[in-house]
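I opened my notebook to look through a structure that was new to me. Here is what I looked up, entry by entry.

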Amino acid sequence: MGGVMESKDKYELVSELARRRGFFWPALEIYGGVSGFICYGPLGVIMKEKIIKKFRDIFIRPLRALEIDSPVIMPEKVFEASGHLEHFKEPMVECLKCGRKFRADHLLEEAGVLDAEKLGLDEIMAELEARAIRCPECGGEFGKPSYFTTMFSTTIGPYSDAVGYGRPEAAQGIFVEFKRLYEQARKKLPFGVVQIGRALRNEISPRQGPIRLREFTIIDYEFFFDPEDPSCPRLPEVEDEVLRLLPKEVRLKGSEEPVEVTVREALDKGYIMMEWMAYFMALAKRFLEELGVPGDKQRFIEKLEWERAHYSVQGYDQEVWTDRWGWVEVSGHNYRTDYDLGRHMKWSGVDLTAFKEFKEPKKVMELVVKPNVEAIKEDFGEEAPEVLKALSKADKAELARSVEEEGSVKLGSYELSRKHMIISKVERTVKGKHFVPHVIEPSFGLDRLVYITLEYAYTVKDGRVVLRLPRDIAPVQVAVLPLLSRDGLPEKAREVYELLLSEGFDVEYDESGSIGRRYARCDEIGIPIAITVDHRTLEDGTVTLRDRDTWKQVRTPIKELPSLLYAFFKKRLEFDQLGKPL
RNA sequence: GCGGCCGUGGUCUAGCCUGGCCUAGGACUCGGGCCUCCCGAGCCCGCAACCCGGGUUCAAAUCCCGGCGGCCGCACCA
């Protein structure tokens with residue numbers, strides 16, 4: 001983009017339409033608005049629901065994944081464990097003279113400090129002083145550096161000082177509730193858990209309308225599997241799907257040219273580490289196609305080491321081409337390993353492992369060390385209980401080795417010899433083992449999906465806007481229009497309207513203005529089918545159906561509408577099959 | 001957060017430079033009515049705006065300052 005803006009870009013056209021027709025608009029306009037917050041209107045809400053339904057159809061139901069809805073606010077400890085507190089912050093310094101704020105690590109890096117990101121506040125302070133760094137704007141001195149956390153913080157309870165944060169992703173809710181979810185999955189791996197809900201990020205400077213929000217809806221999908229059995233049995237469903245990948249090997253060569261490979265090839269060539277990740281990426285591609293984004297307007301770009309989130313060992317972003325911003329991320333696919341469960345286990349002290357039975361119970365030889373209480377009492381007298389305690393805590397293998405090789409062992413200040421214990425080897429059968437499941441996470445930004453669906457649906461035909469939303473995403477499915485507002489046509493049209501309503505369709509009735517104007521309005525909000533009631537309807541009970549995209553019409557008996565329309569919206573029938581052409 | 005540009009009904013805009021003639025004009029949309037019509041037709045009526053706050057002035061949409069918001073660039077986007 002350069003020079004003068006010659007005309008409105010699609011973002012402008014789409015947001016204007018969205019505002020005017022009630023898909024979404026900037027929130028809080030009467031108070032001047034606050035950037036990073038939007039309000040969904042009547043059409044937007046329904047569209048969002050339909051996108052979620054589609055997500056469920058593709059990602060959740062076939063895999064029998066579990067869906068939950070957990071709190072948005074969680075206590076500080078959760079985010080200590082998750083690593084967000086540590087990583088979701090930036091060191092800032094404020095100029096004492098002019099009050100401007102700067103990223104402290106960036107100032108240091110400009111001054112030649114390597115890895116300034118890793119420094120603590122004291123070290124940053126020291127470096128700033130050592131290098132006599134002054135305000136780049138006014139030359140003033142800096143105050144003490146402090147952290148700016150990009151999580152929203154609050155206190156839990158009115159007089160409490162218990163710090164809580166708004167979750168920056170819905171994923172943590174899933175990890176935190178893992179124990180029960182594992183129970184509900186009947187302790188069988190692999191299984192997926194999904195959470196669709198609001199997340200909060202206090203972005204420094206959000207712009208780009210629904211693309212970057214401070215409060216947004218995220219779809220987090222945590223798929224748990226056994227790292228020793230990472231194969232995806234559903235892979236055959238997608239292995240021939242072609243993905244446009246920009247793996248790190250290619251990126252590091254400085255290329256922006258994606259390689260086109262099938263899912264199978266991507267795995268064989270090592271572009272994608274895990275089968276489940278490849279599987280979800282393929283579903284993600286199909287999902288976006290269903291929302292109207294052709295495959296060649298999508299790509300997957302691998303995040304480089306330093307671009308990845310702290311919990312990720314491999315990550316691909318699914319990007320979609322937008323008119324205004326070029327490639328925009330719509331989903332992230334990360335291999336989170338056992339990072340989250342492992343950390344929550346450590347911080348909470350609760351066992352979050354899964355258990356698997358071996359095919360054959362294994363026989364293992366186990367060392368058993370029994371104290372010889374008599375001998376210990378005899379030699380240590382009053383201190384015997386302490387000795388027993390130390391003995392029970394000691395590492396058995398080390399104990400046995402020491403006694404075996406040196407004849408004695410030191411436990412703290414006590415020296416014990418062979419006679420103080422009875423060491424034996426016992427054969428035990430072990431049925432299985434505990435392990436921390438690994439996680440593949442596909443994660444979608446729902447607001448971006450809504451926007452992108454609208455952008456790809458936006459077309460102009462004969463100077464009129466036609467919103468070609470996929471028929472199962474369109475918020476209004478059918479419009480019922482009397483040709484004239486007299487001669488009993490409105491009454492008949494209302495009957496048709498009520499019929500379709502009772503059959504569960506999203507219907508709208510409109511008798512205002514000329515028929516052409518009404519068709520145009522329907523096109524603009526993407527209603528796939530407009531039904532017109534005319535004089536002939538009164539004679540033979542037939543109506544005309546008008547196709548949004550071609551403006552072609554067919555005539556059909558009212559009686560058959562419910563079943564025909566049902567099939568049409570299920571994509572089992574095409575428009576031409578809905579009646580006789582006019 | 002920084003810099004540049006900008007902020008008039010639901011939308012697009014006239015007016016701002018050069019303060020008063022602004023009771024803020026138009027078009028579209030929207031609501032009501034007429035017309036009765038298969039692709040934004042026509043006619044009548046109506047709803048509806050100077051981003052917020054302060055200042056200058058006899059007088060501010062117009063000039064000045066601050067805030068908020070938008071766009072673009074920088075930074076940020078874990």
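Are Lys-356 and Asp-226 buried or exposed? I checked, keeping in mind that the model is predicted: Lys-356 is buried, and Asp-226 is buried too.

Next I looked at how these side chains meet. I found a salt bridge between Lys-356 and Asp-226, with N to O at 2.7 Å. Lys-356 sits in strand β17 and Asp-226 in the loop between β11 and β12, so this pair ties together parts 130 residues apart in sequence.

I then turned to Glu-239 and Arg-264, whose side chains form a salt bridge of 3.5 Å, N to O. Here Glu-239 belongs to the loop between β11 and β12 and Arg-264 to helix α10, 25 residues apart. Glu-239 is partly exposed because its relative accessible area is 23%; for Arg-264, also partly exposed, I noted 29%.

My search of the whole structure gave 44 salt bridges. I also noted a network of them that links Lys-54, Glu-290, Asp-472 and Lys-571.

My last entry is on the RNA. I counted 49 residues around RNA strand B, and Phe-88, Ala-309, Arg-521, Asp-534 and Arg-546 come nearest. Of the strand's atoms within 4 Å of the protein, sugar and phosphate make up 50%. By class, I listed 22 charged, 16 polar and 11 nonpolar residues on the surface near RNA strand B. Helix α18 supplies the largest share of that surface, seven residues.

I looked up individual contacts as well. A side-chain N or O atom of Arg-517 is 2.9 Å from a phosphate oxygen of RNA strand B, and a polar backbone atom of Trp-551 is 3.1 Å from a base nitrogen of the strand.

How values were computed. Residues are numbered from 1 along each chain as its sequence is written. Chains are lettered from A and ligands numbered from 1 in the order in which they are written. This is a predicted model: local features need pLDDT of at least 70, side-chain atom pairs count only at pLDDT 80 or more; totals for chains, interfaces and linings use all residues. Side-chain values use heavy atoms; hydrogens and water are left out. A residue is near a molecule or strand if one of its heavy atoms lies within 4 Å of it. A polar contact is a pair of N or O atoms within 3.5 Å; within protein, one must be able to donate a hydrogen and the other to accept it, and residues adjacent in sequence count only if both atoms are side-chain atoms. Helices (H or I, at least four residues) and strands (E, at least two) are DSSP runs, numbered from the N terminus. Ala, Val, Leu, Ile, Met, Phe, Trp, Tyr, Cys and Pro count as nonpolar, Asp, Glu, Lys and Arg as charged, and the others, Gly among them, as polar. A salt bridge is a side-chain nitrogen of Lys or Arg within 4 Å of a carboxyl oxygen of Asp or Glu. Buried means under 20% relative accessible area, exposed over 50%, partly exposed in between (1.4 Å probe, protein chains only).
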